[in-house]
Amino acid sequence: MLVIRAPQMQAFTDLMKNRFDVRMQTHLLIRFPARFSGPEDPKLPRLVRLGTAKAKSHGITGDTDIKRYLEFMTMLTPDFDVNPKSAWAGVILRDSRTTGHAKILALDSAHLNQKRKAARA
């Protein structure tokens, strides 16, 4: 019988988290090249760590949904969840009755509505 000890499991968990972080950093760099100075930009790992923690605090746990949360942080502002300029996002994220995935879908819809309003103004 194969036995995986706690230190081995922790090493595996750390490896998977590191891979996720690198994938997200690469994604953000490709998707938003003007926001970062390049692959060595120290903002990238900080943004991914902060964003992942903030997403999870709002019940957003799926990799794809965390990626979208990181995109919102990059498009809007890293504190978009509490920033008065994006109060609409905070209302969505604080709704404890809504699943993490539903929050991301609601953010997408509300963000699109915000962009439409701005275009008409």
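Which residue's side chain meets that of Asp 108 in a salt bridge? The partner is Arg 68, with 2.7 Å between N and O. The points below start from the whole chain and come back to this pair. The model is a predicted one.

1. Overall make-up. The protein has five helices and zero strands. Read from the N terminus, the order of elements is α-α-α-α-α. Along the principal axes, the C-alpha atoms fill a box of roughly 65 × 40 × 20 Å. The protein has 121 residues, of which 36% count as buried.

2. The pair from the opening question. Asp 108 lies in helix α5 and Arg 68 in helix α3, so their salt bridge ties together parts that are 40 residues apart in sequence. Asp 108 is partly exposed, at a relative accessible area of 26%. The cut-off matters here: a residue is called buried under 20% and exposed over 50%, so a value of 26% falls in between.

3. The network around that pair. Asp 108 and Arg 68 do not stand alone: together with Arg 31 and Glu 71 they are linked in a network of salt bridges. The structure as a whole holds seven salt bridges.

4. A salt bridge between a loop and a helix. Asp 81 forms a salt bridge with Lys 54, and the closest N and O atoms are 2.9 Å apart. Asp 81 sits in the loop between α3 and α4, while Lys 54 belongs to helix α2, so the pair ties together parts that are 27 residues apart in sequence. How accessible is Asp 81, buried or exposed? Asp 81 is buried, with a relative accessible area of 7%. Lys 54 counts as buried too, at 17% relative accessibility. Both values are under the 20% cut-off, so both charged partners take the label buried.

5. Asp 95 and Arg 97. Asp 95 is found in the loop between α4 (87-93) and α5 (100-120). The side chains of Asp 95 and Arg 97 meet in a salt bridge, with 3.2 Å from N to O. There is also a link to the backbone: a polar atom of the Asp 95 side chain lies 2.9 Å from the backbone nitrogen of Arg 97. Arg 97 counts as exposed, at 76% relative accessibility. As for distance along the chain and in space, Asp 95 and Val 82 are 13 residues apart in sequence, and their C-alpha atoms are 13 Å apart.

6. A buried acid without a salt bridge. Asp 65 has its place in helix α3. Which side chain of opposite charge is nearest to Asp 65, and how far away is it? That side chain is Arg 68, 8.1 Å away, and Asp 65 is buried yet has no salt bridge. The cut-off for a salt bridge is 4 Å, so a distance of 8.1 Å does not qualify. The side chain of Asp 65 does make a polar contact, at 3.0 Å, with the side chain of His 101.

7. Two small residues of α5. Gly 100 is in helix α5 and is buried, with a relative accessible area of 10%. Gly 100 and Thr 61 are 39 residues apart in sequence, with 6.7 Å between their C-alpha atoms. Ala 110 is also in helix α5 and counts as buried at 14% relative accessibility. Ala 110 and Glu 71 are likewise 39 residues apart along the chain, and 14 Å separates their C-alpha atoms.

8. The largest pocket. Rolling a probe the size of a water molecule over the atoms shows where empty space is left. The largest pocket has a volume of about 160 Å³. The elements that give two or more residues to its lining are α1 (6-31), α2 (43-57) and α3 (63-75). Which element provides the largest share of the lining? Helix α1 does, with six residues.

9. Character of the lining. The lining residues of the largest pocket divide into six charged, three nonpolar and two polar. Among them are Met 16, Lys 17, Arg 19, Phe 20, Asp 21 and Arg 23. Thr 52, Lys 56, Thr 61, Asp 63 and Ile 66 line the pocket as well. Thr 61 has appeared before, in the pair with Gly 100.

Definitions and conventions. Residues are numbered from 1 along each chain as its sequence is written. This is a predicted model: local features need pLDDT of at least 70, side-chain atom pairs count only at pLDDT 80 or more; totals for chains, interfaces and linings use all residues. Side-chain values use heavy atoms; hydrogens and water are left out. On a 1 Å grid over the protein atoms alone, a cavity is a set of points where a 1.4 Å probe fits but cannot get out, and a pocket is an open set with protein on both sides within 12 Å along at least five of seven lines; lining residues have an atom within 4 Å of a point. Grid points are joined across faces, edges and corners, and a volume is the space filled by probe spheres set on the points. Helices (H or I, at least four residues) and strands (E, at least two) are DSSP runs, numbered from the N terminus. Ala, Val, Leu, Ile, Met, Phe, Trp, Tyr, Cys and Pro count as nonpolar, Asp, Glu, Lys and Arg as charged, and the others, Gly among them, as polar. A polar contact is a pair of N or O atoms within 3.5 Å; within protein, one must be able to donate a hydrogen and the other to accept it, and residues adjacent in sequence count only if both atoms are side-chain atoms. Buried means under 20% relative accessible area, exposed over 50%, partly exposed in between (1.4 Å probe, protein chains only). Lys and Arg count as positive and Asp and Glu as negative; His and the chain ends are not counted.
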